Amino acid sequence: MITVLIPAHNEASGIVGTLQSLKKLTLIPDRVIVVADNCTDGTERLALAEGAEVIRTLGNKDKKAGALNFALAGLLAEAAPEDMILIQDADSQLSYDFLERAVAHLRADSRLGAVGGVFRGADGGGFVGHLQRNEYARYARDVKRLRGKCLVVTGTAALFRVRTLRDVIAARLDGTLPAGDGRGGVYDTSVLTEDNELSFALLTLRYRIKSPADCTLVTEVMPTWRELWAQRLRWKRGAVENCVQYGWTRVTRPYWARQGLSMLGVLVTLSYFSTVAFALVTGAGLHIQPFWLAVTGVFVIERVVTVRLRGWKYMLAAATMYELVIDLFLQVVHAKAYVDAAFNNKKAW
């Protein structure tokens with residue numbers, strides 16, 4: 001038995017496309033359930049018209065994680081241990097063979113806790129959308145080179161066995177894992193990035209996680225800088241706080257290392273612009289140094305090579321380093337996330 005679970009809060013604009021893409025899969029799921037969470041638009045009506053089952057949450061105040069826990073509580077009680085549950089965002093569309101391939105990966109490895117997807121950005125969003133599509137193409141390249149090894153099984157789409165999710169619940173109740181919602185929910189409702197936390201949970205229970213290159217999907221891009229800021233601030237702060245939540249363990253060491261590199265990058269960028277400003281203000285002027293020219297050349301090559309999946313036109317454009325705008329933007333987001341986490345500023349989903 002394979003069940004697809006789609007948490008949805010006012011997703012009328014994308015739910016039909018998502019549900020129709022499931023009908024084109026080479027392996028059709030046995031059940032498709034849309035979890036209508038505090039919807040005030042036509043999500044529920046459209047989902048029913050497409051033949052999906054609909055579950056309404058009751059008094060949920062814990063966003064996506066709370067909606068999923070509500071639906072999973074009923075599903076897991078009735079399911080067999082080897083049944084599978086695919087949890088998919090309402091704005092993502094799976095490739096036609098995603099589910100077939102993900103099931104094969106899961107069945108081939110009994111300690112594989114979750115199979116995620118390698119996503120690319122959907123059309124739209126103008127220039128900021130274009131930058132995200134390049135970013136996702138680089139992510140896909142990295143995952144492919146690492147043969148599916150990933151740090152996080154993202155919430156865009158992830159396939160689990162029922163017995164794995166039951167292991168998570170048991171570990172939350174006996175204190176092996178953070179308590180989450182305190183009621184044995186699979187997802188931790190106290191964090192900003194529930195998918196990141198669940199990845200930590202699975203790795204702590206000595207499961208493996210994977211995002212194979214042959215499991216692909218398309219996901220929505222943020223259409224404005226404002227929305228991209230909100231999304232990435234949540235992701236970044238959530239990742240930092242998940243590290244703090246789990247502490248320094250065999251699981252979190254590589255994640256702490258990435259946080260350290262990100263902070264170092266922010267400091268290097270800040271130092272660079274400070275020295276440039278100092279040179280201009282004091283009249284010292286700017287001087288071209290061969291060493292720094294060589295370093296710049298390495299960065300240019302990296303930008304060109306890593307976007308190869310999108311084609312030669314994008315590679316040529318990348319050589320101009322026009323994408324520095326999003327690199328700097330994300331560094332500002334990182335800095336803000338660190339400050340918010342350090343001072344425990346109010347969280348926002």
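Me: UniProt positions are given in the numbering used here, feature names are shortened, and annotations may be inferred rather than shown by experiment. With that in mind, where does UniProt place the feature "transmembrane region"?

Reply: First, this is a predicted model, where local features need pLDDT of at least 70, side-chain atom pairs count only at pLDDT 80 or more, and totals for chains, interfaces and linings use all residues. Residues are numbered from 1 along each chain as its sequence is written, and side-chain values use heavy atoms, leaving out hydrogens and water. The feature comes from an unreviewed UniProt entry, which puts it at residues 260–281 and 287–305.

Me: What percentage of residues 260–281 is helix?

Reply: Helices (H or I, at least four residues) and strands (E, at least two) are DSSP runs, numbered from the N terminus. In residues 260–281 the end C-alpha atoms lie 31 Å apart, strand takes up 0%, and helix accounts for 100%.

Me: And how far apart are the end C-alpha atoms of residues 287–305?

Reply: Strand is at 0% here too, with helix at 84%. From one end C-alpha of residues 287–305 to the other is 28 Å.

Me: Which residues does UniProt give to "domain: Glycosyltransferase 2-like"?

Reply: The span that carries this label is 41% helix and 23% strand, and its end C-alpha atoms lie 18 Å apart. The label comes from the unreviewed entry, which sets it at residues 3–167.

Me: Let's look at strand S1. How many of its residues are buried?

Reply: Buried means under 20% relative accessible area, exposed means over 50%, and partly exposed is in between (1.4 Å probe, protein chains only). S1 covers residues 2–8, with Ile-2, Val-4, Ile-6 and Ala-8 buried on one side and Thr-3, Leu-5 and Pro-7 buried on the other. The count of buried residues in S1 is seven of seven.

Me: How many bridges pair S1 with S2?

Reply: Two strands pair if DSSP finds at least two bridges between them. S1 is joined to S4 by four bridges, in parallel, with Ile-2 opposite Met-84. Ile-6 of S1 faces Val-34 in S2, and S1 and S2 (residues 31–36) also run parallel, with a bridge count of six.

Me: Gln-88 sits in S4. Which residue's backbone oxygen lies 2.6 Å from its side chain?

Reply: At a relative accessible area of 0%, Gln-88 counts as buried. Its contacts (heavy atoms within 4.5 Å) beyond neighbours within four places in sequence include Val-4, Thr-18 and Gly-155. A polar atom of the Gln-88 side chain lies 2.6 Å from the backbone oxygen of Ser-92.

Me: Which residue in S10 is the bridge partner of Gln-93?

Reply: S10 (residues 216–219) has a covered face of Leu-217 and Thr-219 and an uncovered face of Thr-216 and Val-218. It pairs in parallel with S7 over four bridges, where Gly-121 stands opposite Thr-219. With S5 (residues 92–94), S10 is antiparallel over three bridges, and the partner of Gln-93 is Val-218.

Me: The structure holds nine aromatic pairs. Is the pair of Trp-229 and Phe-329 stacked or edge-to-face?

Reply: Rings of Phe, Tyr and Trp (its six-membered ring) pair if their centres lie within 6.5 Å; planes under 30 degrees apart are stacked, over 60 edge-to-face, and the rest tilted. The two residues are 100 apart in the chain, with Trp-229 in helix H8 and Phe-329 in helix H12. Their centres are 5.9 Å apart and their planes meet at 70°, so the pair is edge-to-face.

Me: Between those two, which residue is buried?

Reply: Trp-229, at 28% relative accessibility, counts as partly exposed. A relative accessible area of 16% belongs to the buried residue, Phe-329.

Me: How far apart are the ring centres of Phe-291 and Trp-292?

Reply: Both residues are exposed. Their planes are at 80°, an edge-to-face pair, and the centre-to-centre distance is 4.9 Å.

Me: Which ring does the charged end of Arg-111 sit over?

Reply: A charge sits over a ring if NZ of Lys or CZ of Arg is within 6 Å of the ring centre and within 35 degrees of the ring normal. For Arg-310 the ring is that of Tyr-314, at 4.0 Å from its centre. For Arg-111 the distance to the centre is 4.0 Å, and the ring belongs to Tyr-207.

Me: Is Arg-206 buried or exposed?

Reply: Arg-206 lies in the loop between helix H7 and strand S9. Its phi is near 65°, a positive value in a residue other than glycine. With a relative accessibility of 57%, Arg-206 counts as exposed.

Methods: A polar contact is a pair of N or O atoms within 3.5 Å; within protein, one must be able to donate a hydrogen and the other to accept it, and residues adjacent in sequence count only if both atoms are side-chain atoms.
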